[in-house]
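Let's walk through this model with a few quick questions. Have the viewer open and follow along.

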Amino acid sequence: GGREALQALDDTPLPDEPPKSVEVSGLTVRNGDAEGDGGGIKVSSIGAEVVLSDVVVEASAAGEEGGGISVAAVGGTLTPDGVTVTGNGAAGDGGGINIATSSATLALTDVTVTGNTSGGSGGGVYTALGSTAALTLTNVTLSSNSAAGVGGGLALRSSGSFSADGLTVADNAAGGDGGGIFVMSNEEMTLASATVTGNSAAGD
């Protein structure tokens, strides 16, 4: 099971209760395969602080959501910094990264998501944010991803807060609408600086 797989990485016994703070640094995950969510990494947390630093997730696959990384969080924070997600695939949403949270705060900094594929929406990144959730993208590149549905680079469904600074969305493709970005949101969005180029969509 999952605990045994984690145990094999380190001789330190795992706690009976999940930790409230987790940091993963300098890790490469390659050729992961999950029947469900999170082909490479799956983060399921309630009120925890999770930091991913200098992590590479590549060539992994999910039978459901999040080919590279899947995040399901209630409260807490998730901070990927210097993360590369490349060449992953999901049968569902989020070929590279899938994020579903009702109330967490997420800050992605210096993250590259490239060459991922989704059988659903969000070839690079798919996000579903609840009303008290917040997502910030800083110096994030979404390139050469593809989705059978909407949002080749990014599919954003949000009732929460979204902001981006230094966002590059290039050469992505969607079978539906939004070759680069598809947004369904009833809250204010802030794009301080964004480059969107070379994307294509087969939808109207």
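Q: Which residue in β8 does Ile46 stand opposite?
A: Keep in mind that this is a predicted model. Ile46 falls at the end of β4, which spans 41–46, and β4 pairs with β8 (residues 69–74) in the parallel sense over six bridges. Look across to β8, and the residue opposite Ile46 is Val74.

Q: In what order do the six strands of the open sheet run?
A: The pairing in this sheet is parallel. Its edge strands, each pairing on one side only, are β4 (41–46) and β21 (181–185). From one strand to the next, the twist averages 5 degrees. Reading across, the order is β4-β8-β12-β15-β18-β21.

Q: Is Ser60 buried or exposed?
A: Ser60 sits in the loop between β6 (56–58) and β7 (61–62). A residue counts as buried under 20% relative accessible area. Ser60 comes in at 2%, so the call is buried.

Q: Which backbone nitrogen does the side chain of Ser60 reach?
A: Leaving aside residues up to four places away in sequence, Ser60 touches several glycines, including Gly39, Gly67 and Gly87. Val29, Arg30 and Asn31 are also among the residues Ser60 touches. For the polar contact, follow the Ser60 side chain out to 2.8 Å, and you land on the backbone nitrogen of Gly32.

Q: What is the bridge partner of Leu135 in β19?
A: Leu135 belongs to β16, which covers residues 134–143. β16 pairs with β19 (residues 161–170) in the parallel sense, over eight bridges. On the β19 side, the partner of Leu135 is Phe162.

Q: And in β22, which residue is the bridge partner of Ala164?
A: Now step to the other pairing of β19: with β22 (residues 189–197), again parallel and over eight bridges. Ala164 lies within β19, residues 161–170. Its bridge partner in β22 is Leu191.

Q: Among contacts between residues at least 6 apart in sequence, what percentage join residues at least 24 apart?
A: For context, the secondary structure of the chain is one helix and 23 strands. Contact here means heavy atoms within 4.5 Å. For the pairs at least 6 apart, the share joining residues at least 24 apart is 84%.

Q: How much of the exposed area do carbon and sulfur atoms supply?
A: Of the 204 residues in the chain, 43% count as buried. The chain as a whole exposes about 9100 Å². Carbon and sulfur atoms supply 50%.

How values were computed. Residues are numbered from 1 along each chain as its sequence is written. This is a predicted model: local features need pLDDT of at least 70, side-chain atom pairs count only at pLDDT 80 or more; totals for chains, interfaces and linings use all residues. Side-chain values use heavy atoms; hydrogens and water are left out. Two strands pair if DSSP finds at least two bridges between them. Helices (H or I, at least four residues) and strands (E, at least two) are DSSP runs, numbered from the N terminus. Axes are lines fitted to C-alpha atoms, for helices over the stretch in contact, and angles run from 0 to 180 degrees between N-to-C directions. Buried means under 20% relative accessible area, exposed over 50%, partly exposed in between (1.4 Å probe, protein chains only). A polar contact is a pair of N or O atoms within 3.5 Å; within protein, one must be able to donate a hydrogen and the other to accept it, and residues adjacent in sequence count only if both atoms are side-chain atoms. Accessible areas come from the Shrake-Rupley method with a 1.4 Å probe; for residues, only the protein chains shown count as cover.
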